[in-house]
Structure formats: C-alpha cells, structure tokens
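Here are a few exercises to work through with the model open in your viewer. Try each task before you read its solution.

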Amino acid sequence: MEKAETETSSDRYKLLLSCPSGLLPSQVSVVFDGVYDRIPHPDINLENSVSEIWDQRVHKNPSLYNGTKFRYGKHIWHDGGGSNQEPHVCLHLGLTDYRNFVGTNLNHLWESFLVASEDDAIRCQHTSSPLGNGAIVETSDKKILVLQRSNNVGEFPGHFVFPGGHPEPQEVGLVSHHHEDLTDSKVLNDKISQEMFDSIVREVVEEIGVPSASLHEQVFIGISRRVLNVRPAAFFFMKCSLSSKEVQKLYATAQDSFESTQLFTVPMIDLENMSSKMPGCHEGGLALYKLMVEAVKNV
C-alpha cells in the first residue's frame, strides 16, 4: 500500500501520508494559496488569546521574532491509476507565522481550536500548523543520525530528534500573499516544491555539519502529525556518503550545533529504544522510515 492516510496512528502521532517507495522531486508538487491559511476561530475570546499569549511572550523576551512559515492545509494523492504513471502527491500550502503557532498549536487551550471532524484539514483549520520537516539520514556504514536537543530550545528540550526544521517562504522570496511573484502561480508553486527538498538538505548541513555534496538520493516518505499540539512534519530519507565516524568529526563544526547537545549514529534497532523520548511527530517519522524499509524488503 503506497498511501496510509489517517489509517496508521498511535497515541502520540498520526501518519497523514505514507510513501514507502519514496517520492522524487518530480513526484511532489505544491499548490500555494490563501485558502489554505488558518481560519480564525469563531469564539472571539479564544481567538483573542492568540494575541494575548504572543504579547506575553514578547514582553518576557523582546528579541522574539515572528517569522513566516508555510502552513500545511492538506494533500491530494495520485497513485498513477494502475497505469505506467508514477505516483504523485500535491501539497496544499498556505502561510502562517510563529505568532499564530505560539497562540494556537502551543496555546494551553490548543484542543479548543480543533473542530470535531474526521477530515484532518477541517479538524485543524483554526490552528497555525506550520509544516516542519525531518530527515532520516543513513551514513555509508548504515547508521542513522539522531540529535539530542539542547535544553535551551523552545520545544521538547533534551529529546531525541532527527535533523530538521522548516521549509522557508523567504527562500522563495515570499513574505505575504500580496507578493509580486504571485502573478505567475505555476512558477511560484514550482519554487516552493523545490524548497521542500532544498530546505531539508540545508537543515542537515546546518545541524550536522556535513557538506551538501555528501548528501544524495533524497526522497519524500510522508507526513506525520504529532497528536500533542497537532504539529505536522514532512519526512525525507537520504543517504550520506560519509561514515558515522567522519560525520561525528564534522558535527563539532556545525553551524547550528547550539540547537543540540549530542549527535548519535545508531543502527535501526537502537532507534526503537530512543523513540519513546522523541516528539510524537518524529516518532511518526521513524514509523514512516520503518514502512520504507519494509517496502524495500518486499520488492
């Protein structure tokens, strides 16, 4: 089965999409539109809490930056219809920002923002839901890279995570929906779909310290949504031409090494033991990787 939409879940994550065969950039497209932005909640008091929480955070930390992110709306899956066509997924993305993320997904009342619906897009329509990303990176000696997060980070300090972050609207020249490039939506959609792949390579380079030329065979393997705070993340698999020992040496010079305290290079069996101390979305990323490994065995 190529797609496991809303079928595979645990009490910590939900797999919105599983692509065990791995999708190449040519098999992933994007539709970027304001209709996939967050819809304000009709409860005015709940909606006002977004600004109130943000103002409190800024008051405590005046350097807090309200960065723009892509918002995950939904996806459309095309399995090729049994023909010789390749499977393909189209991601429907809007815009959101850190202020709305803090005020909805990270709000202590986050569950109040959810709509009672089996449709994921409707259920989460009032949440910021910025699309994060994560990478399952395999070294030349078949080890997987796992970071232990710093105690200074905002979410899940001290937890194990795969390298990752977010695709960035700024990388494709986007700051709002009123941007001059929006006149040519196909060009912009193509840029954003390429940013899905470029950004995950960038994150691995910045967090691990390996050169981008050492990373290859990047494929998209699915989307996981954390149950806690309903935070979505796209996951990718890629190979690194360096050994685990070589990667460890480079980690000391990583640009964003301050975000983590340690790099682990582990065989898959050890990942199982670490999964309980991963954020739910990353545990879902591990589940996506395991589905990919099983699919390769069955070919």
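**Exercise 1. Find the volume of the largest pocket and describe its lining.**

Start with the size: the largest pocket has a volume of about 1,200 Å³. A pocket here is an open set of points on a 1 Å grid over the protein atoms alone, where a 1.4 Å probe fits, with protein on both sides within 12 Å along at least five of seven lines. Points are joined across faces, edges and corners, and the volume is the space filled by probe spheres set on them.

A word on provenance: this is a predicted model, so local features need pLDDT of at least 70 and side-chain atom pairs count only at pLDDT 80 or more, while totals for chains, interfaces and linings use all residues. Residues are numbered from 1 along each chain as its sequence is written, and side-chain values use heavy atoms, with hydrogens and water left out.

Next, the lining, meaning residues with an atom within 4 Å of a point. There are 43 such residues, and Arg149, Glu155, His166, Arg231 and Glu259 lie nearest the centre. By type they split into 16 nonpolar, 14 polar and 13 charged; Ala, Val, Leu, Ile, Met, Phe, Trp, Tyr, Cys and Pro count as nonpolar, Asp, Glu, Lys and Arg as charged, and the others, Gly among them, as polar.

Last, the elements, which are DSSP runs numbered from the N terminus (helices: H or I, at least four residues; strands: E, at least two). Those supplying at least two lining residues each include β6 (132–138), β9 (164–165) and α4 (185–208). The largest share, three residues, comes from α4.

**Exercise 2. Work out whether β6 is buried or exposed, and which strands it pairs with.**

Take burial first (buried is under 20% relative accessible area, exposed over 50%, partly exposed in between, with a 1.4 Å probe and protein chains only). Seven of the seven residues of β6 are buried. Gly132, Gly134, Ile136 and Glu138 point one way, and Asn133, Ala135 and Val137 the other.

Now the partners; two strands pair if DSSP finds at least two bridges between them. β6 runs parallel to β11 (residues 232–240), joined by seven bridges, and Glu138 is matched with Lys239 there. With β9 the pairing is antiparallel over two bridges, where Asn133 partners Gly165.

**Exercise 3. Lay out the open sheet of three strands and place α4 against it.**

The strand order is β3-β5-β4, with mixed pairing. β3 (28–32) and β4 (68–78) are the edge strands, each pairing on one side only. From one strand to the next, the twist averages 30 degrees.

Zoom in on β4 and β5 (residues 88–97): they are antiparallel, with 10 bridges, and Thr68 has Asp97 as its partner.

Then add the helix: α4 lies across β3, β4 and β5, at about 125 degrees to β3. Axes are lines fitted to C-alpha atoms, for helices over the stretch in contact (heavy atoms within 4.5 Å), and angles run from 0 to 180 degrees between N-to-C directions.

**Exercise 4. Say why Thr265 counts as buried, and which residues it touches.**

Thr265 sits in strand β12 (residues 260–266). It counts as buried because its relative accessible area is 19%. Leaving aside neighbours within four places in sequence, Thr265 contacts Lys143, Ile144, Leu145, Ser244 and Gln248.
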